[in-house]
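User: Please take a close look at the helical part of this model, and explain how its pieces are placed and joined. I am in my first year, so please explain each term when it comes up.

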Amino acid sequence: MAAHETVVHRDPEILGGTPVFAGTRVPVKTLFDYLGSGDGLEVFLDAFPSVSREQAVAALEMAREVIAPDAHPA
């Protein structure tokens with residue numbers, strides 16, 4: 001997995017400190033909004049080409065580790 005700092009960045013000077021994908025101004029929450037509304041990862045990546053597939057997958061993995069640290073992939 002990519003190092004956290006290459007995936008998510010938080011800076012009070014960027015969108016008021018909202019966590020964004022590193023190197024972008026795309027809030028990480030936007031990925032979850034897309035997925036929650038039924039859009040797939042490809043739709044998100046097409047809409048936000050500044051976010052790499054690796055960053056998006058790493059962000060999802062980070063969230064899984066926080067929410068369900070003992071969960072194993074199916």
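Analyst: Helices (DSSP runs of H or I, at least four residues) and strands (DSSP runs of E, at least two residues) are numbered from the N terminus. By that rule, Glu42 lies in helix H3, and the protein as a whole comes to 4 helices and 2 strands, which run α-β-β-α-α-α from the N terminus on.

This is a predicted model, in which local features need pLDDT of at least 70 and side-chain atom pairs count only at pLDDT 80 or more, while totals for chains, interfaces and linings use all residues. Residues are numbered from 1 along each chain as its sequence is written, and side-chain values use heavy atoms, with hydrogens and water left out.

Let us begin with helix H2, which spans residues 28-36 and includes Thr30. Thr30 counts as buried because its relative accessibility is 17% (buried means under 20% relative accessible area, exposed over 50%, and partly exposed in between, with a 1.4 Å probe and protein chains only). If its neighbours within four places in sequence are left aside, Thr30 is in contact with Phe44 and Phe48 (contact means heavy atoms within 4.5 Å). Buried residues like this one make up 28% of the 74 residues of the protein.

Helix H2 also meets helix H4, which covers residues 53-67, and the axes of the two come within 11 Å and cross at roughly 85° (axes are lines fitted to C-alpha atoms, for helices over the stretch in contact, and angles run from 0 to 180 degrees between N-to-C directions). That crossing makes H2 roughly perpendicular to H4, since angles of 65 to 115 degrees are given that name, whereas angles under 35 count as roughly parallel, those over 145 as roughly antiparallel, and the rest as oblique. On the H2 side, the residues that take part are Val28, Leu31, Phe32 and Leu35, and they meet Ala56, Ala59, Leu60 and Ala63 in H4. Sorted by class, this contact of H2 with H4 has 8 nonpolar, no polar and no charged residues (Ala, Val, Leu, Ile, Met, Phe, Trp, Tyr, Cys and Pro count as nonpolar, Asp, Glu, Lys and Arg as charged, and the others, Gly among them, as polar).

Charged side chains come into the picture through the salt bridges, of which the structure holds 3 (a salt bridge is a side-chain nitrogen of Lys or Arg within 4 Å of a carboxyl oxygen of Asp or Glu). In one of them, the side chains of Lys29 and Asp33 meet at 2.8 Å, N to O, and both of these residues lie in helix H2, 4 residues apart, which is about one turn of the helix. Lys29 is exposed, with a relative accessible area of 55%, whereas Asp33 counts as partly exposed at 40% relative accessibility.

Another salt bridge brings us back to Glu42, whose side chain meets that of Arg53 at 1.8 Å, N to O. Glu42 belongs to helix H3 (residues 41-47) and Arg53 to helix H4, so the pair ties together parts that are 11 residues apart in sequence. The C-alpha atoms of Glu42 and Arg53 are separated by 8.7 Å. Glu42 is partly exposed, with a relative accessible area of 42%, and Arg53 likewise counts as partly exposed, at 37% relative accessibility.

There is also a salt bridge within helix H4, where Glu61 pairs with Arg64 and the closest N and O atoms are 2.6 Å apart. These two residues are 3 residues apart in helix H4, again about one turn of the helix. Glu61 counts as partly exposed at 29% relative accessibility, and Arg64 is partly exposed too, with a relative accessible area of 27%.

That leaves helix H1, made of residues 4-7, which is the place of Glu5. Glu5 counts as exposed at 59% relative accessibility, and its C-alpha atom is separated by 9.2 Å from that of Phe21, 16 residues apart from Glu5 along the chain.

For the whole protein, contacts between residues at least 6 apart in sequence can be sorted by separation, and 36% of them join residues at least 24 apart.
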